[in-house]
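Let's take a walk through this one, starting with the whole chain and then zooming in on a few spots. Have the sequence and the model open side by side.

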Amino acid sequence: MKKTKDRLIHQPLNSIKIGIVDDHKLFRLGLMEILGQVKHFELIFEVESYSQLLEEMELQVPDIILMDIEMPETDGIDGCKHIVERFPDAKIIALSMHTADNFIFYMMKAGARSYLPKDIDEQTLYKAIETVYTNGFYFTDAVTAAMLNGVKKNYGRRSTLKYGESPLSKRELEVLTLICNGLTTAEIAQKLFISIKTVEGHRKNLLEKSGMSNSVSLAVYAVKNGMLDERH
């Protein structure tokens with residue numbers, strides 16, 4: 001059975017160092033058992049609180065942190081934000097029983113690289129860890145929907161962008177904000193009085209300049225880099 005599991009997942013050249021933070025001991029033990037079945041996963045610590053997480057990370061920073069969004073001493077959103085600021089190389093995968101869009105959106109906005117329900121199967125967990133490790137983000141259908149809904153809800157009526165030091169042109173920023181508002185290519189073309197081919201060209205430039213791969217990750221890029229003006 002273990003060989004079958006190993007064949008189902010990509011085999012990175014390097015081991016992936018993983019840390020777990022969750023205040024439920026049985027859940028941590030279950031994760032440890034699951035992760036132990038993959039030879040290139042290296043569990044470097046498992047802790048029950050945010051303060052213990054910080055102590056461990058002063059000694060060694062994992063590649064991936066599996067983090068409950070409900071922790072003693074701090075909530076997962078604030079904890080995620082602080083970890084990302086202090087240890088920018090660490091990639092956080094949020095784990096939670098909460099699947100409402102607002103939990104997902106704000107945790108991703110705080111810097112998480114994926115958001116998974118605690119009842120996921122082993123293969124999804126493996127895939128999420130490896131995809132975040134190699135590509136930076138892992139989007140489930142739930143994360144995709146939550147990000148688009150969250151961006152539209154929070155920024156749909158305040159889409160003025162900060163031009164400043166942006167690597168994007170004014171037109172690219174206009175296209176980006178319309179993408180974040182959930183408009184299709186045809187709708188963007190109609191709204192900006194340009195051709196569909198021109199919109200597709202701007203979209204291609206946005207993906208290349210941001211290093212993102214799709215419209216959802218562009219929305220994440222826009223939010224995480226402060227390209228949407230939240231003052232209005």
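A residue counts here as buried at under 20% relative accessible area, as exposed at over 50%, and as partly exposed in between, using a 1.4 Å probe and protein chains only. By that yardstick, 46% of the protein's 232 residues are buried. Keep in mind that this is a predicted model, where local features need pLDDT of at least 70 and side-chain atom pairs count only at pLDDT 80 or more, while totals for chains, interfaces and linings use all residues. Numbering runs from 1 along each chain as its sequence is written, and side-chain values use heavy atoms, with hydrogens and water left out.

On secondary structure, the protein has 11 helices and 7 strands; these are DSSP runs numbered from the N terminus, with H or I over at least four residues for a helix and E over at least two for a strand. A contact means heavy atoms within 4.5 Å. Of the contacts with a separation of 6 or more, 68% link residues 24 or more positions apart.

Now look at the strands. β1 (residues 16-21) and β2 (residues 41-47) pair in the parallel sense over 6 bridges, where pairing takes at least two DSSP bridges between two strands. Between β1 and β2 the chain passes through helix α2 (residues 25-35), and this β-α-β crossover is right-handed. That means that, with the strands pointing away from the viewer, the path from the first strand over the helix to the second runs clockwise. To find a matched pair of residues, put Ile18 opposite Leu43 in β2.

Next stop is strand β3 (residues 64-68), home of Asp68. An unreviewed UniProt entry annotates Asp68 as "modified residue: 4-aspartylphosphate", though such annotations may be inferred rather than shown by experiment. Is Asp68 buried or exposed? Asp68 counts as buried because its relative accessibility is 3%. Leaving aside residues up to four places away in sequence, Asp68 touches Val21, Asp22, Asp23, Gly76, Leu95, Ser96 and Lys118.

Finally, the aromatics. Rings of Phe, Tyr and Trp (its six-membered ring) pair if their centres lie within 6.5 Å; planes under 30 degrees apart are stacked, over 60 edge-to-face, and the rest tilted. The whole structure has 3 such pairs. Phe105 and Tyr106 are edge-to-face, 5.1 Å centre to centre with 75 degrees between the planes. Phe105 is buried at 1% relative accessibility, whereas Tyr106 is partly exposed at 33%. Phe137 and Phe139 are stacked, at 5.8 Å and 15 degrees. Here Phe137 is buried at 15%, and Phe139 is partly exposed at 21%.
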